[in-house]
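Please examine the sequence and the three-dimensional structure shown here before reading further. The paragraphs that follow lead from one pair of strands to the sheet, and then to the chain as a whole.

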Amino acid sequence: MTKADVRTLAADFGLECASKGESYEICFIPDNNYERFLKERDPDLAARVDGGDILMDGKVVGTHRGYPFYTVGQRKGLGVAFGRPAYVTGIDRESNTVHVGAEKDLMHRGLIAGSMNFIKYASCPDSLVVHARIRYKDEGGRATVRPLDGSRIQLLFDEPRRAITPGQSLVLYEGEDVVGGGIIEAATQEPGNTA
């Protein structure tokens, strides 16, 4: 069934959710305050990750309140003024650093993904052209996929994509068919070169 069909059926049954608006946020955080939610779930989190550096072009430009409270592509709430728009371009949890840069620094052509689960095929074909989405709200783009070792793949988009983020889900489509999915490990500029 399509979403429209489900809404019609819900309306037929008199369910309130039939006319509920779309939500693109995490449904169990009603006020969209992710920092509050994380701190409530893990009260010691801020103490364990507090005091890291914010880096721009390899230089320390400020300090942050803990890497879990940032996301790649974030512009607001960085706590540092740069005189021009700055975005989170990377997060290194091992060193507790947050990297910032210009919007152009968010653009990448490719990615490496792991934990791939192929649904349409037994395994990844040698060269597969797909429509790939890099997060829930992403409209996706045309890309070529090549298998790597184990359950990992290399994907190269025809056009650069904004904020390819390690830890996000990758879903591959052929038309209406879901080919498979996995977890993004790294963004790349060109095949084999992590950025």
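How many bridges join strand 1 to strand 2, and do these strands run parallel or antiparallel? In this predicted model, strand 1 comprises residues 53-56 and is joined to strand 2 by 4 bridges, the two strands running antiparallel. One of the residues to locate is Leu55, whose bridge partner in strand 2 is Val60. The two strands form a hairpin, and 2 residues lie between them. In the turn of this hairpin, Asp57 has a positive phi of about 55 degrees.

Strand 1 also has a second partner. Strand 4, which covers residues 97-101, is joined to strand 1 by 3 bridges, and here the strands run parallel. Within strand 4, Val100 stands opposite Met56. Strands of a sheet pair through backbone hydrogen bonds, and the pairing may be either parallel or antiparallel.

These pairings belong to a wider arrangement. An open sheet is formed by 4 strands in the order 2-1-4-3, with mixed pairing. Its edges are strand 2, at residues 59-63, and strand 3, at residues 87-92, each of which pairs on one side only. From one strand to the next, the twist averages 35 degrees.

Attention may now turn to the helical part of the chain. Helix 1 consists of residues 3-12, and Leu9 lies within this helix. Is Leu9 buried or exposed? Its relative accessible area is 39%, so Leu9 counts as partly exposed, because this class lies between the limits of under 20% for buried and over 50% for exposed. Leu9 also belongs to a nonpolar patch on the surface, together with Met1, Val6, Phe13 and Leu15. The accessible area of these residues together is about 560 Å².

The chain may finally be considered as a whole. Its secondary structure comes to 3 helices and 11 strands. Read along the sequence, the pattern is α-α-α-β-β-β-β-β-β-β-β-β-β-β. The C-alpha trace spans about 55 × 50 × 30 Å along its principal axes. The chain has 195 residues, of which 35% count as buried. It exposes about 11900 Å², and carbon and sulfur atoms supply 51% of this area. Among contacts between residues at least 6 apart in sequence, 48% join residues at least 24 apart.

Terms used. Residues numbered from 1 in each chain as written. Predicted model: local features only at pLDDT ≥ 70, side-chain atom pairs only at ≥ 80, totals over all residues. Heavy atoms only, no water. Patch = residues over 30% accessible without salt bridge, like charges linked within 9 Å, V, L, I, M, F, W, Y side chains within 5 Å. Areas by Shrake-Rupley, 256 points an atom, 1.4 Å probe, with all protein chains shown as cover. Salt bridge = Lys/Arg side-chain N within 4 Å of Asp/Glu carboxyl O. Buried < 20%, exposed > 50% of the residue type's maximum accessible area, 1.4 Å probe, protein only. Pairing = 2+ DSSP bridges. Axes fitted to C-alpha atoms, helices over the stretch in contact; angles between N-to-C directions. Contact = heavy atoms within 4.5 Å.
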